[in-house]
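Subject: Structure for your review

Dear colleague,

Please find below the structure that I am handing over to you. My findings on the ligand and on the pocket follow it.

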Amino acid sequence: MSRASAAMGSRTLVGKYELGRTLGEGSFGKVKFARNTKSTGECAVAIKIIDRQRVLSSHMVEQIKREISTMKMIKHPNVLNILEVMASKTKIYIVLEYVGGGELFDKIARQGKLKEGVARRYFQQLINAVDYCHSRGVYHRDLKPENLLLDSHGVLKVSDFGLSAFSKQEDGLLHTACGTPNYVAPEVLNDKGYDGTTSDVWSCGVILFVLMAGYLPFEEPNLMALYRKIYKADFSFPPWFSSNAKRLIKRILDPNPLTRITIPEILENDWFKKDYKQPCFRQEEDVNLDDVDAVFNDSEDHLVSERKEKPVSMNAFELISRSQGFSLENLFDKQMQGLVKRETRFTSTCPANEIMSKIEEAAKPLGFNVHKRNYKMKLQGDKSGRKGQLAVATEVFEVAPSLHMVELRKTGGDTLEFHKFYKTFSSGLKDIVWTSDSNKEETS
Ligand code: AMP
């Protein structure tokens, strides 16, 4: 029963997204895991939450708006995709594709430096992402380890492209998350105006060095000493770097942006080209930018709000009137007077959100489309059965803070097919169904 006390059923919704755990905290604010409650396909997303007033009062609104619009149109395999933006009175929510492989640098923290070939593969993906965004007029200006994420297949995804203006201070200077400018180009540090193209290339060079060395090229406990080292590009290579890799890194970490190697030159470099795979992707043409417009204009029309929802509570009388037994076997297999039941229920000590997710997980492989609304769900079969499409409605009720009752009802289709569906479906739900000891005895 320990899981029962872990969470109450209430959930926080923003628009159609249900907010979950905090994934991290970046230079702009929190990043939260969320689920798209309306999606029948991939529903996991990450939402970056930014203080709206800070953005609207800055003089960079137009730049931010332009860059977010461009980023929403970019669908590159190595660039974290912006799905949607929303705003409440006080916050801006940037909905991003969710990636589950963690940060690239966690890998280095765990395993130490990478083999040259592995580092090259990540570097190639990084350069592809940077090159593509530059070609669309978007610069990163703040490339650093926290922005290099991996998806579940180990593919590199660069985050925060086009968002750098959010982290500019009033004075227009970039401020780095923890105040250590280890990845920042010398011309950015002395802030005499710089070109986003060449300064991004510098940061990619520092990243490549760290991937292969397992430590930073420029590191000093004292900030002034660190700046001096960066200005002069004062670093040395560890003995295991190949001479071709050293040559390339030396050309990237050139303190003079005018003579620094460019991306087209990197793409032609022999060390870089080894085992290079061209990224393949399709540019989406019809990207709707209304959401971006709505966030950055002053109208209150499209504002969302964070709202808390709890599943419907049930009192004892309603509970008794509905409960014919809580055992899964009773509910799923029993035939009443020769008829297969078309309605059933079970109890669970899991939090309501988890129950909803488990039902969804169990229904999808069976070919059901899932439509969710609050704590109700409609499962719609996609194959036509004997009596039309099988359809099932479910609802989660809160019986007590740590006890939920789940009701499933056939709302369409053939009852025998419904029964068959139950058999497979119920085995997918076994681990969330609570069976009291008395019920266990009853059914054994
Ligand atoms: P950021 O503000 O981009 O630096 O994000 C802070 C942290 O949140 C990152 O370092 C990641 O660990 C996590 N994070 C950000 N975006 C995502 C995402 N789309 N998917 C998964 N985790 C993310």
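In this predicted model, an N or O atom in the side chain of Asp 160 lies 3.1 Å from an oxygen atom of the ligand. The backbone takes part in polar contacts as well. An oxygen atom of the ligand is 3.4 Å from a polar backbone atom of Glu 146, and a nitrogen atom of the ligand is 3.1 Å from a backbone N or O atom of Val 99. The ligand taken alone exposes 470 Å², of which the protein buries 93%.

In total, 16 residues surround the ligand. Asp 160 and Val 99 are among the closest, together with Lys 48, Glu 97 and Glu 103.

I turn next to the largest pocket, whose volume is about 500 Å³. Its lining is made up of 25 residues. Those that lie nearest the centre of the pocket are Leu 23, Val 31, Glu 103, Glu 146 and Leu 149. Glu 103 is thus named both here and among the residues closest to the ligand.

By class, nine of the lining residues are nonpolar, seven are polar and nine are charged. Strands β2 (17-25), β4 (44-51) and β6 (91-97) each contribute at least two residues to the lining. The largest share comes from β2, with four residues.

Where does the largest pocket lie with respect to domain 1 and domain 2? Both domain 1 (1-98) and domain 2 (100-282) give residues to its lining, so the pocket lies between them.

Yours sincerely

How values were computed. Residues numbered from 1 in each chain as written. Predicted model: local features only at pLDDT ≥ 70, side-chain atom pairs only at ≥ 80, totals over all residues. Heavy atoms only, no water. 1 Å grid on protein atoms, 1.4 Å probe; cavity = no way out; pocket = protein on both sides within 12 Å on 5 of 7 lines; lining within 4 Å. Points joined across faces, edges and corners; volume = space filled by probe spheres on them. Nonpolar A, V, L, I, M, F, W, Y, C, P; charged D, E, K, R; others polar. Domains from an automatic or database assignment. Near = heavy atom within 4 Å. Polar contact = N/O pair within 3.5 Å; in protein donor to acceptor, adjacent residues only side chain to side chain. Areas by Shrake-Rupley, 256 points an atom, 1.4 Å probe, with all protein chains shown as cover.
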